[in-house]
Each structure stands twice: as structure tokens, then as C-alpha cells.
Amino acid sequence: MDRPKNQPKTIVSKIENAILKTSQEMAAAIMKNPEVNTYMPVSAGIESTAALIYAVRDPDLKPFCVHWYEQRYGLFADAMAFYTQKQAEYFNLPYGNDKSMLSMLPHTKEVPIIVSGLSSFMSMALAQPGGIKFKWFMMGANAEDDMRMRLQFREYRKIMATYASDVLDGSGVDIRKVIEDIPQVLNPLDFLTKSEMYALIIREEPALLDTIWSCIVPKGTLKDKQGKITGYVPCGECFKCHELQQAKKTAADAVFRYQEGIKYFSTILKDMT
């Protein structure tokens, strides 16, 4: 999940976001989907969306979509919650919002997602909600992303493995506990760039283009006549908006469109307007 950098001050709502799933709703979703075996973090970004498509296509993976909701990010957090829920509904997948990151406590430095989000994942994996034993953790990262998060995953899994084995270090890890209780990390599309992932989404699930969200400082919301939120308005100026536009541009210029013809290019032209 992408995190904001140098984000301008946001106004955080004092009321609970009405679309967030309650604990009861998430418990019901898990009970209705006992086959779930994959912890699927979703953010509605390009990498997350591409990873979600992969998880849906792989018959061995049964995702539970989790959005790490951090209220202090205001409309940015609300927009991600809105569009990730749309994506889960599109595939008819169980979905929940995790608010366990203590994100409203005062802070002076940014907390990396490897700390806040992964601590939530560890709790979910070890607690086995509804009896679920997560076999896989689906990671969305592109070929140009920082490698540190992928490397640090090793330490998180080691902490979980030593805890499950009730030992102090890796020399005493119980292989049976690792197999039964410690999810493996999947990052199956990490060889693709952001623009290549965008091209994949165009070809595989073009209907999801309207659910991709990157902007860290939304200008506002779109509402219907009844006042219900139907979407969010990107600023078009932050670095994440520029990243998205560059990915679209690069995908539009890709060699693939010359190979495969008009259908691919017409789809991306429509999305860019």
C-alpha cells in the first residue's frame, strides 16, 4: 500500500466513516467464507489492484480483502476505503477495514507501513479469526519499489514462527508450526513496473480502472441527489497523481499496443480523457 509523503495537513473527520465495516460485519463475512486462505491487503492503488486480479485468477488463493484504514489521513483514507470496498464487491469477496494501527495518537514522524500494517497482519494471522489459518499473504509491489519491505518480511515471519513454536530463536523453530500457522508471502507480479501493471489491469479487468485511487489530498467528494457519496475528486497535482498519469502515459506508449492493435489503445485513451 502506498503511503503519503510530505502530505499537507488534512482535516480528519470527527465522525465514523459510515461505509467502514463493523467487527460484526467482518465476522459474518469470515463465517460465510470458510474457504478463505489468503490475507489480501488492498489500497486501490495500481499495484494492489493488479495483485488482487492475480489472487482472483489463481484457483488456489481464496482472498479476504483487508483495507488498513488510518483515520488521520482524512479524505485520503476515506477514498481508499471507498474504492477498495468497490473492488471487493466487484469480485464478490469478503472485505474488512482494519483500524488497529492506533493512528490517531499524536506523532511527529511518519510510521512506515512495514510497522503499522504488518503488525495488524501478524495479529490476524496468529489470532486465526473465525478459525481461519491464512496460508498466504498477498503483497503488491512493482519492480521499481524499495526492496526493504520485502526483505523485512523475513523478520516478521521469524517473529511469528518463534512465537508459534514457543522458542527464543530460529534454531528451535518447529517446521510443523511454520507449515500450519505461518503464512507465506506472495509477490507474484514484482517483475512488472507500475505502467506494466496498469496495462495488465486494462487487458484483464478494464472495469476496475474507475476504482483505482492514488491521490493523497483529494479535493472533495462526489454525491448523488440523496447526498450519498459516489466517488472522490483527485487533486491532480500531488506526486501520486503525477505517478498515476505517468503510468497511464507509459502504458499508452507501450510496444504491446502496436502488437495487439486498437482495442488496448482505445481503452487507455478512454481512461485518460
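A residue counts as buried here when its relative accessible area is under 20%. Keep that cut-off in mind, since burial runs through much of what follows. The model is a predicted one.

**The chain as a whole**

The chain has 10 helices and 7 strands. Of its 273 residues, 48% are buried. About 14700 Å² is exposed, and carbon and sulfur atoms supply 55% of that area. Take the contacts between residues at least 6 apart in sequence: 74% of them join residues at least 24 apart.

**Helix H3**

H3 covers residues 75-91, 17 residues in total. From its first C-alpha to its last it reaches 25 Å, close to the 24 Å expected at 1.5 Å a residue. Because 13 of those 17 residues are buried, H3 is largely enclosed by the rest of the structure. Just past the helix, Asn92 takes a positive phi of about 60°.

**The sheet**

Five strands form an open sheet in the order S3-S2-S1-S4-S5, and the pairing is parallel. S3 (95-98) and S5 (184-186) are the edge strands, each pairing on one side only. On average, neighbouring strands of this sheet are turned by 25° against each other, direction ignored.

Look at S2 next. Strand S1 (residues 38-41) runs parallel to S2 (residues 63-68), and 4 bridges join the two. One of the residues to find is Met40, whose bridge partner in S2 is Cys65. S2 is largely enclosed by the rest of the structure, because 6 of its 6 residues are buried. In a regular strand, side chains alternate between the two faces of the sheet. Here is how that looks in S2:

| Face of S2 | Buried residues |
|---|---|
| One side | Pro63, Cys65, His67 |
| Other side | Phe64, Val66, Trp68 |

So both faces of S2 are covered, given that buried means under 20% relative accessible area.

**Two nonpolar cores**

Which residues touch the most other members of the largest nonpolar core? They are Met40, Ile46, Cys65, Tyr198, Ile201 and Trp213, out of 48 residues in that core. The elements giving two or more residues to this core are helix H2 (46-57), H3, strand S4 (136-138), helix H7 (194-204) and helix H8 (239-252). H3 gives the most, with 9 residues. Apart from this core lies another, of 24 residues, including Phe64, Phe134, Phe137 and Ala141.

Trp213 deserves a click in the viewer. Leaving aside neighbours within four places in sequence, Trp213 is in contact with Ser43, Ala44 and Gly45, with Phe76, Ala79, Met80 and Tyr83, and with Pro218, Tyr232, Val233 and Pro234.

**Glu205, a loop residue**

Is Glu205 buried or exposed? Glu205 sits in the loop between H7 and strand S6 (220-223). Its relative accessibility is 11%, so Glu205 counts as buried. Not counting residues up to four places away in sequence, Glu205 touches Ile53, Arg57, Tyr90, Phe91 and Leu200.

How values were computed: Residues numbered from 1 in each chain as written. Predicted model: local features only at pLDDT ≥ 70, side-chain atom pairs only at ≥ 80, totals over all residues. Heavy atoms only, no water. Expected span 1.5 Å × (residues − 1). Buried < 20%, exposed > 50% of the residue type's maximum accessible area, 1.4 Å probe, protein only. Pairing = 2+ DSSP bridges. Axes fitted to C-alpha atoms, helices over the stretch in contact; angles between N-to-C directions. Core = buried A, V, L, I, M, F, W, Y, C linked by side-chain atoms within 4.5 Å. Contact = heavy atoms within 4.5 Å. Areas by Shrake-Rupley, 256 points an atom, 1.4 Å probe, with all protein chains shown as cover.
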